Amino acid sequence: MAVTNQLKNQHLFCRAGFGVATENLKDLAGVSPKKMYAALEKASNAKPEYFDVADNSIKGIFMGISDVAKMEELKKNGLDSDTRKRIRQQSREDLKSLNLKWLDEMINTDAQLREKMALFWHGHFACRDINIFFQQLMLADIRSNALGNFGDLLKAVSKSASMLGFLNNQQNKKQHPNENFAREVMELFTLGRGNYTENDIKEAARAFTGWSFNIKGEFVFRKFQHDDGKKTILGKTGNFNGDDVLNILLEQKQTAKYITKKIYKFFVNENEVDQSKVDWLSDRFYQSSYSISGLMNDIFTSDWFYDEKNIGANIKSPIELMVGIRRLLPMEIETEQLQLLFQRALGQVLFYPPNVAGWPGGKNWIDSSSLMLRLRIPQLIKDDDAFQLNVKSDDDQQMGMKENTQKKGAGMNAIAKGGFQVRANVDWEKYAKQFDGVGREHLYDVIESVVLQTKPGSIHETSVKSVIDSSTRENYIKTVTVALMGTPEFQLC
Amino acid sequence: MVHIKRRQFLQVGSLATATLFVPKFLKAFEKREFNFVPPGNKVVVILQLSGGNDGLNTVIPVRNDIYYRERPKLGIERSKGLSLTDEVSLHPELTAFADLYNDGSLGILNSVGYPNPDRSHFRSMDIWHTASQSDQYLNTGWVGRYLDAQCKGCDKPTQALEIDDVLSLALKGDNIKGLAFKDPRRLYNTSHEKYYKDLAKNHKHDHEHEKPVDYLYKTMSETLSSADYIFQQSKLRPTSADYPKTELGNSFKTISSLIFSDINTKVYYVSLGSFDTHYNQQQQQQRLFKEMNDAIAAFTKDLKTNNRFQDVLLMTFSEFGRRVAQNASSGTDHGTANNMFFIGGDLKQKGIINAMPDLTDLQDGDLKYKVDFKNVYATVLNKWLGANDKLILGKQYDYLY
């Protein structure tokens with residue numbers, strides 16, 4: 001199969017972003033992938049907007065504490081249990097807003113590469129924290145450093161209140177070192193398993209003692225909890241502190257290799273890793289002192305990235321799937337909180353990674369329940385169908401409270417017991433307009449080439465044609481698109 | 001604390017200690033040589049109590065002063081509990097469990113946990129689901145790996161079923177994953193679409209170079225045929241017994257109907273929650289226990305009536321127990337070791353299998369585990385399901401008997 005320019009561009013949008021948007025369709029055939037990538041890169045260099053969704057009622061409690069005296073008092077006495085409970089409940093609600101806000105950004109922004117990269121780092125630096133302020137801060141660190149320098153990103157995240165709290169570094173004190181933070185920094189953030197010893201972890205944990213944060217989420221170094229004695233880490237000896245450890249880890253070529261391979265699997269091919277390409281990329285990544293944008297440029301401007309074997313080779317994550325549908329089909333979703341329900345049912349809720357290792361991806365996304373729901377979602381959007389869906393409670397999210405999914409006006413549109421209805425207005429007219437000028441006899445092939453990343457004609461056309469409505473041109477376009485989206489092939493990008 | 005290996009305490013030679021620590025609660029192994037029932041008909045039903053059920057208010061140490069001292073408000077008085085022995089009572093809602101105890105069909109295993117316990121729900125649940133060490137991250141569950149080992153070449157992945165809309169990690173294997181559904185009819189209706197069948201039928205599967213798309217088609221085809229199969233089986237000999245009209249009641253009704261059918265299912269999985277009782281524990285636990293008790297009362301009665309009780313092993317677990325001391329909001333916070341219930345008509349050893357938790361020997365206010373849950377899994381896999389537990393758990397764990 002000759003890989004057409006259009007397919008190359010779609011491949012680029014799938015990987016360096018969340019798929020082709022309706023308004024991109026007209027440029028796919030004519031613009032070269034190199035030019036397309038340059039545009040994506042340029043748009044992604046803009047500084048991201050800070051997402052602030054925290055409710056005013058708890059903002060007062062945290063951010064309003066400007067005078068030091070009050071803050072000290074709060075720290076000393078702690079918050080009373082009712083206030084804590086209120087903060088937690090509101091925080092959980094606000095995390096949903098932050099989730100939807102970020103989702104909207106993924107759908108609408110031209111800075112596709114930045115947000116896609118941020119989603120990668122969000123899984124790499126997997127963290128759960130109920131505190132909305134700390135989460136907002138960490139997300140901002142990730143989004144603003146997503147394409148910057150990996151060392152800066154590593155340091156920002158390692159010093160974020162969310163991560164320090166999540167990995168128990170508050171409990172890492174000179175007298176009683178807690179190794180959790182040091183272990184995950186080496187195992188998951190930099191070197192990967194098997195590239196350090198248990199002793200390296202013990203020693204690094206000592207270096208991280210005293211790393212802490214205050215109620216505003218600012219990094220605090222607690223000198224009296226810090227162990228300033230000699231440590232030996234990865235063959236180096238000195239009176240190291242936490243920053244020194246991170247620098248030592250960055251000096252290791254293994255860090256560049258580990259990160260590059262993970263990026264290659266996420267952005268190029270999760271099944272077949274071409275080690276010679278990974279080596280080439282990681283050498284350059286290391287030599288550039290960890291320029292992420294340099295690494296991504298190396299990937300997306302290389303001819304091999306557009307090889308047939310890499311196209312449509314990855315299984316879309318639930319976020320990629322849902323954002324991709326909303327980019328291709330312009331729509332207003334009334335029942336926007338249903339997107340959170342879909343995230344839960346499909347196994348990827350933003351801000352709630354399954355564990356510190358992040359989402360495993362690939363085939364792990366697919367089981368009978370998740371696949372059948374994936375196949376149905378386009379239909380649910382098109383027809384405003386009612387459907388039944390119960391998801392298990394997540395106790396870290398709900399703290400034992402029954403989640404109110406039945407509440408009217410909560411953006412869920414619950415209909416009967418356990419039943420839901422998606423209410424979405426798709427701008428079919430705008431979408432159909434992109435196909436103006438395509439003759440009816442070519443329409444099916446053209447739509448298929450836009451919707452799917454698999455070989456043209458790989459899907460059984462007669463099966464598709466048996467479920468489409470040919471009464472009008474718009475209905476035809478609409479039903480072919482939805483039918484193609486309801487296929488196994490559509491799960492690939 | 002160092003977990004005492006079976007070998008070590010056998011060397012101690014004290015019969016009392018050995019019987020205390022080596023529970024013998026399953027009888028399936030001996031039965032099999034008589035071919036009493038075809039081994040294929042033995043099933044396990046796993047009931048997950050999500051959120052961290054408070055074990056100390058479930059199986060209550062009614063003669064323990066420390067219990068009442070640490071729980072002035074939440075402690076359940078001896079007179080209110082359902083007395084099992086002089087020292088032990090059950091939560092007042094668990095009447096069916098007390099009956100099963102008297103009837104010799106209940107086993108209680110105390111202080112089950114794992115080394116270096118994690119107090120986060122999702123992490124600890126992960127550890128229980130994947131049977132990993134607490135510093136190890138696995139992407140497959142223990143029942144899923146049972147499927148991988150068991151189901152090579154089997155045409156329908158219905159050997160493990162979860163009564164839920166979302167499949168738990170426990171049931172995900174490398175190659176084979178269990179199937180989740182809430183109701184066989186709904187599963188049938190949503191998957192019984194001509195469109196999907198047409199697509200599946202016409203897909204050209206490349207067996208030599210299996211690609212992700214082939215994997216997706218394979219999952220789809222299996223789901224479609226399994227959905228038909230499950231629906232047909234659920235109609236074969238549907239139970240006519242009364243079940244409570246609760247979610248769990250409905251789930252157990254579905255399970256019993258499938259047990260009575262000719263389906264090849266070996267493991268059923270169902271969850272109840274949330275037991276995360278930081279606030280007003282009493283009400284919440286009571287409500288959930290009522291739902292659990294009534295459903296299990298109906299289920300066990302139904303199995304007995306149909307002479308299948310001896311083929312079923314039902315076990316409960318929770319990701320952790322709760323702190324010994326109550327908190328300031330009439331609740332309890334996340335803890336560590338917990339008890340497990342075993343229910344069935346063919347238990348090797350019944351009753352209270354090992355010692356009640358030692359409240360004088362705590363770690364940071366939490367119970368210390370005495371039995372690793374992975375030893376429980378190994379025992380169930382090997383003795384009840386006749387599976388290769390070493391392969392599935394990645395290591396040979398001592399059996400509990």
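## A guided tour of salt bridges, rings and strands

Over all chains, the count of salt bridges comes to 43. The model on screen is a predicted one, and the stops below begin with individual bridges before turning to rings, a sheet and two arginines.

**Stop 1: Arg143 and Glu105 of chain A.** Select Arg143(A) and Glu105(A), whose side chains form a salt bridge with an N to O distance of 3.6 Å. This pair links distant parts of the chain. Arg143(A) belongs to helix H7 (residues 132–145) of chain A, while Glu105(A) belongs to helix H5 (residues 81–108) of chain A, and the two positions lie 38 residues apart in the numbering. Are these two residues buried or exposed? Both Arg143(A) and Glu105(A) are buried.

Now extend the selection to Arg114(A) and Glu115(A). Together with Glu105(A) and Arg143(A), these residues are linked in a network of salt bridges. Keep Arg143(A) selected and add Phe51(A): the charged end of Arg143(A) sits over the ring of Phe51(A), 3.9 Å from the ring centre. Arg143(A) therefore takes part both in the salt-bridge network and in an arrangement of charge over ring, since the cut-off for the latter is 6 Å from the ring centre, within 35 degrees of the ring normal.

**Stop 2: two salt bridges in chain B.** Move to chain B and select Lys80(B) with Glu77(B). Their side chains meet in a salt bridge at 3.7 Å, N to O. Lys80(B) has a relative accessible area of 53% and is therefore exposed, the cut-off for that class being over 50%. Glu77(B), at 44%, is partly exposed.

Next select Arg78(B) and Asp86(B). In this salt bridge the closest N and O atoms are 3.1 Å apart. How exposed is Arg78(B)? With 33% relative accessibility, Arg78(B) counts as partly exposed. Asp86(B) is likewise partly exposed, its relative accessible area being 45%.

**Stop 3: a sheet in chain B.** Switch to a cartoon view of chain B and find the open sheet of three strands, which has the order E2-E4-E3 and antiparallel pairing. Its edge strands are E2 (59–61) and E3 (82–83) of chain B, each of which pairs on one side only. In general, the strands of a sheet pair through backbone hydrogen bonds, in either a parallel or an antiparallel sense.

Select strand E4 (residues 88–90) of chain B together with E3(B): the two pair in the antiparallel sense over two bridges. Which residue of E4(B) is the bridge partner of Leu82(B)? The partner is Leu90(B).

**Stop 4: aromatic pairs.** The structure holds 37 aromatic pairs over all chains. One of them joins Tyr37(A) and Phe300(A) in a tilted arrangement, 5.4 Å centre to centre with 40 degrees between the planes. The pair links distant parts of the chain: Tyr37(A) is in helix H2 (residues 33–44) of chain A, and Phe300(A) is in helix H15 (residues 292–300) of chain A, 263 residues apart. Both Tyr37(A) and Phe300(A) are buried.

For another geometry, select Phe120(A) and Trp121(A). Their ring centres are 5.0 Å apart and their planes stand at 70 degrees, so this pair is edge-to-face. Phe120(A) has 4% relative accessibility and counts as buried; Trp121(A), at 0%, is also buried.

Return briefly to chain B for a charge placed over a ring. The charged end of Lys383(B) sits over the ring of Tyr401(B), at 5.1 Å from its centre.

**Stop 5: Arg326 of chain A.** Select Arg326(A) in helix H16 (residues 318–328) of chain A. Is Arg326(A) buried or exposed? Its relative accessibility is 14%, so Arg326(A) counts as buried. Leaving aside neighbours within four places in sequence, Arg326(A) is in contact with Asp104(A), Ile107(A), Met331(A), Ile333(A) and Gln339(A).

**Stop 6: Arg440 of chain A.** Finish at Arg440(A), which lies in helix H21 (residues 440–451) of chain A. Arg440(A) has 37% relative accessibility and is therefore partly exposed. Residues up to four places away in sequence excluded, Arg440(A) touches Ser470(A), Arg473(A) and Tyr476(A). What lies 3.4 Å from a polar atom of the Arg440(A) side chain? It is the backbone oxygen of Ser470(A). As a last distance to display, Arg440(A) and Trp280(A) are 47 Å apart, C-alpha to C-alpha, with a sequence separation of 160 residues.

Key: Residues are numbered from 1 along each chain as its sequence is written. Chains are lettered from A and ligands numbered from 1 in the order in which they are written. This is a predicted model: local features need pLDDT of at least 70, side-chain atom pairs count only at pLDDT 80 or more; totals for chains, interfaces and linings use all residues. Side-chain values use heavy atoms; hydrogens and water are left out. A salt bridge is a side-chain nitrogen of Lys or Arg within 4 Å of a carboxyl oxygen of Asp or Glu. Helices (H or I, at least four residues) and strands (E, at least two) are DSSP runs, numbered from the N terminus. Buried means under 20% relative accessible area, exposed over 50%, partly exposed in between (1.4 Å probe, protein chains only). Two strands pair if DSSP finds at least two bridges between them. Rings of Phe, Tyr and Trp (its six-membered ring) pair if their centres lie within 6.5 Å; planes under 30 degrees apart count as stacked, over 60 as edge-to-face and the rest as tilted. Contact means heavy atoms within 4.5 Å. A polar contact is a pair of N or O atoms within 3.5 Å; within protein, one must be able to donate a hydrogen and the other to accept it, and residues adjacent in sequence count only if both atoms are side-chain atoms.
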